[in-house]
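Hi,

Here is the structure I said I would pass on. Have a look at it first, and my notes follow underneath.

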Amino acid sequence: MIRLNQVLDNIRTYHPSADLDTVRRAYEFAAEAHAGQTRRSGDPYVTHPLSVAGIITELKLDVPSVCAGLLHDAVEDTSATVEELTDQFGNEVAFLVDGVTKLGKLPYASREDRQAENFRKMLLAMARDIRVVLLKLCDRLDNMRTLAHLPDEKQERIATETLQIYAPLAHRLGIQWIKTELEDLSFKYLYREEYDALKREVAKTRKERMRYIHDVERLILKEMNRASIRCRVTGRAKHLWSIRQKMKRTERPFSEIHDAIGFRIVTGSKKACYEALGVAHSAWKPIPGRFKDYIALPKPNMYRSLHSAVIGPRGQRIEIQIRTEEMHLIAEQGIAAHWKYKEGKPGVADSDDEKFAWLRQLMEAQNDLKDPTEFIESVKIDLFDGDEVYVFTPRGEVKALPKGACPIDFAYTIHSKVGDHCSGARVNGMIVPLRYQLRNGDTIEIITSPHQKPNKDWLKLIRTSRARTKIRYWLRREERERALALGKDLIEKALRKHSVSYSRALKSGALSRAAAELKCHGIDELTAQIGYGRLMPAQVVELVVPDNKRKKNGAESAEEDGKNPIKQILRKVTQRKTNSGIKVQGQEDILVRHARCCSPLPGDPIVGFITRGRGVTVHRRGCPKSLDLDPERRIEVEWGDKAHVEHQVAIKVLCANKPGLLANLSQSFSDSGVNITQAHCRATDDGRAINTFHANVRDLEQLKAVMRSLIRIKDVYRVDRVVAEA
Ligand code: MN
């Protein structure tokens with residue numbers, strides 16, 4: 001059991017001038033806060049935070065980290081508060097403790113691999129400061145070391161979580177020794193018998209192996225010395241979990257796992273590494289396909305080494321790793337090697353760029369930073385603010401969603417039916433609006449209602465393409481259903497006017513033939529096309545009702561109605577009839593609205609949209625607003641011959657602010673035969689004037705003529721057609 005003095009001594013070795021008083025105070029605070037509490041082992045509770053602090057000093061972390069290690073359970077398990085810690089130990093320590101406490105509260109339930117990866121990302125994202133994750137790893141390591149005292153099912157749960165979450169996290173952060181210890185401890189509690197058996201087997205051959213390791217170490221060293229390479233050589237047995245994994249992978253017993261022993265050659269320089277490799281390969285026969293150069297091509301967690309395997313002394317296969325001291329430190333300590341206390345000295349890597357490149361890569365961050373201090377700041381603040389948020393389902397599954405995602409996005413990740421009927425959500429137990437933006441660690445529960453369905457506004461809230469696709473699909477289907485109902489209605493009515501029943505036309509096959517004739521795939525498509533207004537019921541009548549039966553003398557308006565679905569839609573809404581001068585699919589005399597956003601004029605290229613309840617709205621082609629409209633409602637329109645209606649347009653004229661100029665401007669209008677209906681004139685500070693004229697014009701030609709004559713006037717700088725009115 002570690003003592004406070006040991007922790008303080010550890011700190012002195014790497015940080016001689018550290019403020020040890022604060023560490024002592026933190027210990028006293030923790031001892032007092034946890035007073036009376038014991039661990040399951042019967043030890044006073046404070047032995048746990050003290051051990052965690054000890055592990056933290058092995059990672060050579062700074063004083064705030066050590067203090068936070070001592071205090072890490074104080075907020076969660078005692079009456080102490082974050083405010084108190086801030087008061088006594090400052091913001092940094094309180095922030096770290098708070099971070100560890102929050103991570104401890106995340107429920108982890110799933111056993112799926114994909115889930116585990118998301119959960120690890122969530123831990124990183126929530127921690128914000130890498131030291132919080134390191135503290136959490138140290139905490140977990142001590143918990144695993146003392147796991148024997150917990151009940152069986154707790155052991156299994158914690159060991160599973162360790163193997164799935166924390167060991168890979170340690171690996172990802174490059175802290176090899178924590179990773180291997182966590183793996184072996186998990187192995188022990190998860191597969192007890194297998195673990196014991198393998199341990200016994202490894203122990204059986206221990207003596208022999210130790211001698212062998214010793215011999216080979218000496219041999220390698222001799223070869224290296226002969227080539228004047230200065231290095232140290234260590235041999236070690238692989239850790240049990242990695243032997244076990246290898247046995248599983250290769251389906252071989254332990255006795256056939258030959259490279260269970262590895263030798264490490266640690267040299268003084270990169271050059272010496274390659275030289276040592278050459279020496280090893282000339283002394284012993286290399287095994288083909290086993291050489292890997294992780295110095296030239298580092299692993300994503302910045303692990304660097306040369307790997308090879310050779311037929312070594314006594315004909316045994318051995319694994320060799322060759323690296324420099326610095327590479328060794330990074331291989332063992334990983335990210336912590338960069339985090340350790342530095343007294344004005346740069347860290348261990350060759351250059352800052354190289355040193356921090358790996359972390360950037362590691363965290364998939366885009367930061368382009370060169371200065372280490374700036375980098376450390378950004379690790380604290382930004383590095384883990386990725387593009388994703390991680391949230392829980394009520395069952396504890398983790399879902400990754402893009403930043404800014406709302407409960408609707410979440411609902412669609414569960415099932416499209418949940419999404420389609422999502423009427424609200426509870427986040428961490430509280431009802432939130434659908435526009436709520438999900439945050440890391442939220443637990444989301446979707447409220448559904450059979451009456452709820454997707455609507456267009458949802459498209460503005462959602463961030464995932466899955467939700468977008470599903471909502472669009474729903475909206476289109478709904479639109480189609482309406483078109484089908486309307487289309488059937490229109491066909492029925494049109495046929496009835498000629499005393500033909502719909503069902504008879506259907507049964508006789510006349511409708512199918514009509515559909516084929518009109519190039520529709522089946523009656524449904526024909527019906528939908530009529531509903532959308534792309535085909536006319538009259539076209540069906542023509543094909544279904546024989547010439548001699550067609551009633552030529554029926555009431556004209558009735559026939560017209562049968563022929564013109566659009567007008568029918570409109571009649572339901574309004575009796576108003578205007579002459580817009582626009583032909584909708586060859587039909588003139590249809591109620592048309594000119595879109596206010598772009599005020600199309602005869603001559604402008606135009607496009608129409610069926611607007612239920614308001615007829616057809618005509619936009620200028622390319623009008624940005626029209627691009628937002630549902631393409632299914634789009635309808636071809638053109639200017640008719642009767643397009644001699646007056647259209648209001650607005651023209652903006654920028655000119656010098658001179659007397660008499662306004663008169664010239666209005667003269668131009670009347671010369672072109674155009675009436676001004678309104679004018680706004682405003683002088684600007686720089687001696688110019690902005691005049692906005694509303695006028696009625698016949699068509700584009702006339703408008704252009706006016707504009708041409710306006711721009712020709714002296715002291716007029718600019719003439720523009722006003723496209724959108726606010
Ligand atoms: Mn703890």
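Before the strands come up, one bit of vocabulary: two strands pair if DSSP finds at least two bridges between them. Also keep in mind that this is a predicted model.

With that in hand, take the open sheet of three strands, ordered 10-9-11 with antiparallel pairing. Strand 10 (430–432) and strand 11 (444–448) are its edge strands, and each pairs on one side only. From one strand to the next, the twist averages 35°. Three bridges hold strand 9 (residues 422–427) and strand 10 together in the antiparallel sense, and Ala425 sits opposite Val432 in strand 10. Helix 19 packs on this sheet and touches strand 9, strand 10 and strand 11, with its direction at about 85° to that of strand 11.

How enclosed is helix 19 by the rest of the structure? Largely, because six of the eight residues of helix 19 (residues 407–414) are buried. The buried ones are Pro407, Ile408, Asp409, Phe410, Ala411 and Tyr412.

Now the metal, which I guess you will want to look at. Which residues coordinate the manganese ion? They are His48 and His72, each through NE2, plus Asp73 and Asp139, each through OD, at 2.2 to 2.5 Å. Along the chain, the donors of the manganese ion follow the spacing H-x23-H-D-x65-D. For two of these residues I can also tell you about burial, where the cut-off is under 20% relative accessible area. His72 counts as buried because its relative accessibility is 4%, and Asp73 is buried too, with a relative accessible area of 11%.

Thr57 is another residue to click on. Thr57 belongs to helix 3 (residues 47–58) and is buried, at a relative accessible area of 3%. What does Thr57 touch, leaving aside its neighbours within four places in sequence? Its contacts are Val7, Asn10, Ile11, Tyr14 and Val66.

Next, the strands around strand 5. Five of the six residues of strand 5 (residues 306–311) are buried, so strand 5 is largely enclosed by the rest of the structure. Here is how strand 5 pairs:

- Strand 3 (residues 285–286) runs antiparallel to strand 5 and is joined to it by two bridges; Lys285 stands opposite Ile311 in strand 5.
- Strand 4 (residues 292–293) is also antiparallel to strand 5, again with two bridges; the bridge partner of Asp293 in strand 5 is Leu306.
- Strand 6 (residues 317–324) pairs with strand 5 in the antiparallel sense over six bridges; Ile311 has Arg317 as its bridge partner in strand 6.

The hairpin of strand 5 and strand 6 has five residues between the strands, and there Arg314 takes a positive phi near 60°.

Helix 15 (residues 325–333) is worth a click as well. Seven of its nine residues are buried, so helix 15 is largely enclosed by the rest of the structure. Those buried residues are Glu326, Met327, His328, Ile330, Ala331, Glu332 and Gln333. Just after helix 15 comes Gly334, with a positive phi of about 55°.

For contrast, try Arg496 in helix 22 (residues 465–496). Is Arg496 buried or exposed? Arg496 counts as exposed, at 54% relative accessibility. The C-alpha atoms of Arg496 and Val541 are 9.8 Å apart, with their positions 45 residues apart along the chain.

Last stop, further along the chain: an open sheet of four strands in the order 19-20-18-21, with antiparallel pairing. Strand 19 (675–683) and strand 21 (716–721) stand at the edges with a single partner strand each, so one side of each has no neighbour in the sheet. Neighbouring strands here are turned by 20° against each other on average, ignoring direction. Strand 19 and strand 20 (residues 688–697) run antiparallel and are joined by eight bridges, with Ala683 opposite Ala689 in strand 20.

Two helices go with this sheet. Helix 30 (residues 661–671) lies across strand 18 (647–656), strand 19, strand 20 and strand 21, at about 20° to strand 20. Helix 31 (residues 700–711) packs on the sheet and touches strand 18, strand 20 and strand 21, its direction making about 165° with that of strand 21.

Cheers

Technical notes
Residues are numbered from 1 along each chain as its sequence is written. This is a predicted model: local features need pLDDT of at least 70, side-chain atom pairs count only at pLDDT 80 or more; totals for chains, interfaces and linings use all residues. Side-chain values use heavy atoms; hydrogens and water are left out. Donors are N, O and S atoms within 2.8 Å of the metal (3.2 Å for Na, K and Ca); water is not among the atoms, so sites may look incomplete. Buried means under 20% relative accessible area, exposed over 50%, partly exposed in between (1.4 Å probe, protein chains only). Contact means heavy atoms within 4.5 Å. Axes are lines fitted to C-alpha atoms, for helices over the stretch in contact, and angles run from 0 to 180 degrees between N-to-C directions.
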